[in-house]
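Student: Hi! Could you walk me through a few local features of this model?
Tutor: Happy to, let's open it up.
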Amino acid sequence: MKLHSKRLLAIAKAIAQHKQGTILADIGTDHAYLPCFLYDQGVIEKAYACDVAEGPLASSKQTIIANHMEGKIIPLLGNGLDPIVNEDVDMISICGMGGMLMIEILDAHNEMHDHRFFLQANNGLAELRAYLAGHHFCIIDEDLVEDAHHIYEYMVVEKGKMVLDEDDLLFGPINRQKKTELFRKKWQFELNVQKKIIASLPEGHPKRINVTQMIEKIEKVLA
Ligand SMILES: C[S@@+](CC[C@H](N)C(=O)[O-])C[C@H]1O[C@@H](n2cnc3c(N)ncnc32)[C@H](O)[C@@H]1O
């Protein structure tokens, strides 16, 4: 089976690298591409492909049937982690959603926080990291991937303790240490955006303080 999304492929690699057990729940699975690919590659033995909406779940069922994975990849309808409360699960992936929705999903089931999570939020990363730090999670790995001219961040998370400062929240505690080429590309782009914003703001505009601070932070991390 071929995975056409570079983003999902990077997350699949992270799951293979940091795998814990053999049963995955993929929350917000849409077409169930990620769990089907991981099963095809022998990384997992079983998965729950969960989605809140009927349409995506129907797409999941099509992918499962097309790849003859019935009984191995199990489609479940429901909100967030609700469908797996009574299921035996080792790892949970939540990808392709906003960070605030991800926080809602995690916060609704504190009893499931001892699983290993693979999270790829499209936005709200600082808020997500702050939530994780405040709820006894620890980021054990993180990285970035470029797909269709967009740079995504993803992280591997489990129960633990971490203290994050403001720069960790913004840049990612591990990403800012790794400082990969892609990290530099993302933040160089963001620096240019912020410089354009400040150039468009008149002297004395209240937003200038925040934008200036952001420029200083980015210049510091890229130095
Ligand atoms: C943009 S797709 C991402 C699909 C896939 N995870 C990926 O990364 O390519 C987001 C999916 O999350 C589902 N979703 C949104 N809110 C959800 C929730 N509260 N619980 C479960 N699934 C949800 C949507 O129905 C949709 O299928």
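Tutor: We'll go through a pair of helices and then some backbone angles; keep in mind that this is a predicted model.

Student: Sure. At what angle do α8 and α9 pack?
Tutor: Helix α8 (residues 181–200) and helix α9 (residues 207–222) pack at about 150°, and their axes are 9 Å apart. With angles over 145 degrees counting as roughly antiparallel, α8 is therefore roughly antiparallel to α9.

Student: And which hand does the crossing of α8 and α9 have, left or right?
Tutor: α8 crosses α9 in a left-handed way.

Student: Nice. Which residues make the contact?
Tutor: From α8, they include F183, W187, L191, I197 and I198. α9 brings in V211, M214, I215, I218 and L222, among others. R184 and E190 of α8 also take part, as do R208 and E219 of α9.

Student: How does the contact of α8 with α9 split by class?
Tutor: There are 11 nonpolar, three polar and five charged residues in it.

Student: Switching topic: what is the phi of H136?
Tutor: H136 has a positive phi, about 60°, without being a glycine. Most residues other than glycine have a negative phi.

Student: Where is H136, and is it buried or exposed?
Tutor: H136 lies in the loop between α5 (125–134) and β6 (137–147). Its relative accessible area is 56%, so H136 is exposed.

Student: What about H149, what phi does that one have?
Tutor: H149 is not a glycine either, and its phi is positive at about 65°. H149 sits in the loop between β6 and β7 (150–159), and with 81% relative accessibility it counts as exposed.

Note on methods: Residues are numbered from 1 along each chain as its sequence is written. This is a predicted model: local features need pLDDT of at least 70, side-chain atom pairs count only at pLDDT 80 or more; totals for chains, interfaces and linings use all residues. Side-chain values use heavy atoms; hydrogens and water are left out. Axes are lines fitted to C-alpha atoms, for helices over the stretch in contact, and angles run from 0 to 180 degrees between N-to-C directions. Helices (H or I, at least four residues) and strands (E, at least two) are DSSP runs, numbered from the N terminus. Angles under 35 degrees count as roughly parallel, over 145 as roughly antiparallel, 65 to 115 as roughly perpendicular and the rest as oblique. A crossing is left-handed if the near helix is turned anticlockwise from the far one by less than a right angle, and right-handed if clockwise. Contact means heavy atoms within 4.5 Å. Ala, Val, Leu, Ile, Met, Phe, Trp, Tyr, Cys and Pro count as nonpolar, Asp, Glu, Lys and Arg as charged, and the others, Gly among them, as polar. Buried means under 20% relative accessible area, exposed over 50%, partly exposed in between (1.4 Å probe, protein chains only).
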